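Please find below a note on the model, arranged as numbered points. The contacts with the nucleic acid are taken up before the aromatic side chains.

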Number of protein chains: 2
Amino acid sequence: MISTRGRYAIRVLIDLAENDNGGYIPLKDIAARQDISKKYLEIIVKDMVSGGLLVGASGKGGGYKLCRKPEEYSVGEILELMEGSFATVACLADDAAPCPRAKECQTLPLWEEYDKITHDYFYSKHLSDLL
Amino acid sequence: MISTRGRYAIRVLIDLAENDNGGYIPLKDIAARQDISKKYLEIIVKDMVSGGLLVGASGKGGGYKLCRKPEEYSVGEILELMEGSFATVACLADDAAPCPRAKECQTLPLWEEYDKITHDYFYSKHLSDLL
DNA sequence: GTATTTACCTACTATGTCAATAGGTAAATA
DNA sequence: TATTTACCTATTGACATAGTAGGTAAATAC
């Protein structure tokens, strides 16, 4: 299940793309337009900055703006950054302990194929497709 | 993320299919072979019986057995029963309150398409494919 | 008809994650 | 100097997950 972290991140990027005026856009405005708690968005946006999805500037006239063109953001990259990974079962998560049953596990290929479908779908979609 | 409820349910069905001897198989044996807590499996298996995935019989010689042929179980049906639904975002869950933003939401089609891909994938796979 | 084996039932619990909130400090501009 | 903004640390309530504990009811074997 994709959480608010990933979903809100995408909405922030859409908002920034559609309200782009060349300068920085204050989080207050984004939060108001998107009807999301500004305080909660701060946490999410902070991770987006450190993850290289956008840049921030403090002080008057500050705010956030995109650091790439919308077609250069894949949805998969955004979700993977915000959700950790989109592994659909625990044993395929990035930080999972190696499963001792993996070799003979009859369900593993099912999850692996689904993970691949998921990966391919979200990496084929870009921010520009959502505008 | 698919939880142990759905994953263990599939493993129980695989175990029953592969150890089918025409009669009932005690949960104790399934739990031992699959290395899953029998107590926890009781909860899962109970829901599988009430959901029509298998039948149980009490007493000596009792246990569980499949009530259909393996090719008549779709993975999608199993997961949907055990996980509630496999909606990938909260606003598409079966019990979700209608989202006031749905009409103008620019991300909704992204999630809807992914939900459809997920649905189609899991309903195309059957227990017989996993044996 | 008693002992044994099995399913089936209700309740409880530890742990972790999610979705925030609270209350600040630092930086940049007017 | 005042204002606006990002940025930082800590805390919280609600809920889900993955179990555990301790029983009762049903069916068969002897």
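1. DNA strand C has 23 residues around it, and those that come nearest are A:Thr4, A:Ser37, A:Lys39, B:Leu27 and B:Lys28; a residue is near a strand if one of its heavy atoms lies within 4 Å of it. By class, these surface residues are eight nonpolar, nine polar and six charged.

2. This is a predicted model, in which local features need pLDDT of at least 70 and side-chain atom pairs pLDDT 80 or more, while totals for chains, interfaces and linings use all residues. Side-chain values use heavy atoms, without hydrogens and water, residues are numbered from 1 along each chain as written, and chains are lettered from A and ligands numbered from 1 in the order written.

3. Sugar or phosphate accounts for 67% of the atoms of DNA strand C within 4 Å of the protein, and bases for the rest. A phosphate oxygen of the strand lies 2.8 Å from a side-chain N or O atom of B:Tyr64, and another contact to a phosphate oxygen, at 3.1 Å, involves a polar side-chain atom of A:Tyr8. The side chain of B:Glu42 places an N or O atom 3.2 Å from a base nitrogen.

4. Over all chains there are 15 aromatic pairs (ring centres of Phe, Tyr or Trp, the latter by its six-membered ring, within 6.5 Å; stacked if the planes are under 30 degrees apart). A:Tyr121 and B:Tyr114 are stacked, at 5.8 Å centre to centre and 10° between the planes. Each lies in helix 5 (residues 108-124) of its own chain, so the pair joins two chains (helices being DSSP runs of H or I, at least four residues, numbered from the N terminus).

How values were computed: Phe/Tyr/Trp six-rings, centres within 6.5 Å; stacked < 30°, edge-to-face > 60°. Polar contact = N/O pair within 3.5 Å; in protein donor to acceptor, adjacent residues only side chain to side chain. Nonpolar A, V, L, I, M, F, W, Y, C, P; charged D, E, K, R; others polar.
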